[in-house]
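Trainee: Pick one buried spot in this protein and take me through it closely, please. I'd like to see who sits next to whom, and how that spot ties in with the rest of the fold.

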Amino acid sequence: MKSSFLKDLDPVITISISLLVFLSVLTLNSIAPNLFPVYYFYILLGVILFFLFSRIDYEIISFFSPYIYWFSIFILFLVLLVGNVTRGAVRWIPLGSFTIQPAEIVRPFLIVFWSYYLTQKLTLNRLFKAIFLFLLPIFLIVIQPSLGVSILTAISFIGVFLSLPFDKKKLFFPMILMLIIIPFSYLFLAPYQKQRIQTFLNPSRDPFGAGYNSIQSMMAVGSGMIFGRGLGKGVQTQLQFLPERHTDFVFAAISEEMGFIGSFLVLALFLVVFIRLLNLMSKVKLASAFAFLSGLFVTLLVQVFVNVGMNMGLMPVTGITLPFVSSGGSSFLALMTAFGIVTSIYRKL
């Protein structure tokens with residue numbers, strides 16, 4: 001058992017996350033200074049949650065996860081009753097001058113619960129119960145509606161499920177069936193969601209409407225070149241041609257103001273985090289801890305891939321943010337909680 005408090009922290013994870021947050025603060029101060037000083041509060045609270053959950057034994061968190069799961073369901077239901085309505089969506093609960101998005105906050109706890117539940121002896125009856133326990137929070141998030149968060153939550157479950165010790169070849173036919181069904185799901189999408197897909201396939205079909213975001217983002221990425229225009233000197237970002245520059249399109253803002261160097265550094269730091277998570281997965285003995293790391297790894301990988309691809313015009317606009325870099329207090333708190341749990345797992349190695 002490690003005695004020093006600093007030695008209890010995984011240096012690779014801690015340093016990588018700290019650098020990502022530092023780059024985020026630099027960028028956000030440049031492109032959206034109005035977020036501060038309030039956003040510093042979320043960062044401080046996130047650091048507290050990171051250290052708090054890093055000190056709690058993972059097996060204790062896992063043991064109490066069924067209770068935390070049902071509390072999470074209660075919170076997701078509560079937001080539909082008392083949440084603020086913004087642009088037709090009910091996603092946030094006001095807490096004085098601050099707001100939280102419960103769908104983001106509960107995600108790490110859902111991963112812990114699914115990891116605990118699925119790594120028990122998995123009978124057919126238990127598997128059907130697991131599917132219900134998966135679909136219930138997804139449904140409550142979808143009807144807010146919050147498509148991006150619901151997708152990431154579903155991916156978390158898939159990441160946990162894929163960590164289970166079973167013959168993966170058995171997934172071949174279900175995957176083929178899913179690929180056949182996916183095109184038909186287009187019929188059930190909301191009009192704005194269909195428009196996003198159409199725009200992704202051909203952004204120039206509506207350059208001043210649905211295709212505007214994608215076009216401006218690609219222009220921002222390309223204009224930064226090697227060293228960037230400099231903080232506070234980006235044309236797309238500072239003149240506000242680039243929409244949602246502090247959330248969905250923060251990678252494009254970094255590319256414009258810090259250039260290839262800045263964007264490469266961001267991707268390199270994520271690569272370090274991914275490699276470290278895989279390294280921890282290879283060492284951990286507890287099945288539920290392995291499943292948690294798998295769920296978190298797959299979720300982050302998809303989130304980074306989709307967000308960066310979206311910023312470069314390689315993926316449709318989905319509203320999925322860049323972890324640790326995009327602004328978003330609830331998302332940041334959830335990520336810091338998740339990596340606090342990762343650190344708790346690291347302490348037991």
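**A close look around helix α8**

Mentor: Let's start with I155, which touches V298, T299 and V302 once residues up to four places away in sequence are left out; contact means heavy atoms within 4.5 Å. Before going on, bear in mind that this is a predicted model: local features need pLDDT of at least 70, side-chain atom pairs count only at pLDDT 80 or more, and totals for chains, interfaces and linings use all residues. Residues are numbered from 1 along each chain as its sequence is written, and side-chain values use heavy atoms, with hydrogens and water left out.

I155 lies in helix α8. Helices are DSSP runs (H or I, at least four residues), as are strands (E, at least two), and they are numbered from the N terminus. At 13% relative accessibility, I155 counts as buried; the cut-offs are under 20% relative accessible area for buried, over 50% for exposed and partly exposed in between, with a 1.4 Å probe and protein chains only. The chain comes back to this spot from a long way off: I155 and G295 are 140 residues apart in sequence, yet their C-alpha atoms are 7.6 Å apart.

Stay in α8, which covers residues 147–162, and you'll find S150. S150 is buried too, with a relative accessible area of 5%. Apart from neighbours within four places in sequence, S150 is in contact with I138, I141 and V142.

Now look at R107, in helix α6. You might not expect an arginine here, but R107 counts as buried at 8% relative accessibility. What does R107 touch, not counting residues up to four places away in sequence? Its contacts are V149, L152, T153, S156, T299 and Q303. T299 is already familiar as one of the residues touched by I155. R107 can also be placed against P137: 30 residues separate them along the chain, and 9.6 Å separates their C-alpha atoms.

P137 leads us to the pairing of α6 with α7. Helix α6 (residues 107–118) packs against helix α7 (residues 124–142) at an angle of about 175°, with the axes 11 Å apart. Those axes are lines fitted to C-alpha atoms, for helices over the stretch in contact, and the angles run from 0 to 180 degrees between N-to-C directions. That makes α6 roughly antiparallel to α7, the label for angles over 145 degrees; under 35 is roughly parallel, 65 to 115 roughly perpendicular and the rest oblique. On the α6 side, the contact is made by L110, F113, W114, Y117 and L118, and on the α7 side by R126, K129, A130, L133, F134 and P137. By class, that contact has nine nonpolar, two charged and no polar residues. For this count, Ala, Val, Leu, Ile, Met, Phe, Trp, Tyr, Cys and Pro are nonpolar, Asp, Glu, Lys and Arg are charged, and the others, Gly among them, are polar.

L127 belongs to α7 as well. Is L127 buried or partly exposed? Partly exposed, with a relative accessible area of 27%. L127 and Y117 are ten residues apart in sequence, and 9.4 Å lies between their C-alpha atoms. Beyond residues up to four places away in sequence, L127 touches L122 and F161.

For a second buried spot to set beside this one, try S24 in helix α1. At 2% relative accessibility, S24 counts as buried, and its contacts include F324 and V325, not counting residues up to four places away in sequence. F324 is worth a click: it has a positive phi of about 70° although it is not a glycine. You'll find F324 in the loop between α14 (287–311) and α15 (329–347), and F324 is buried, with a relative accessible area of 5%. As for α1, what covers its buried residues includes α2, α12 (235–238), α13 and α15.

Last, zoom out. The protein has 15 helices and three strands, and buried residues make up 48% of its 349 residues. Of the contacts with a separation of 6 or more, 71% are between residues 24 or more positions apart.
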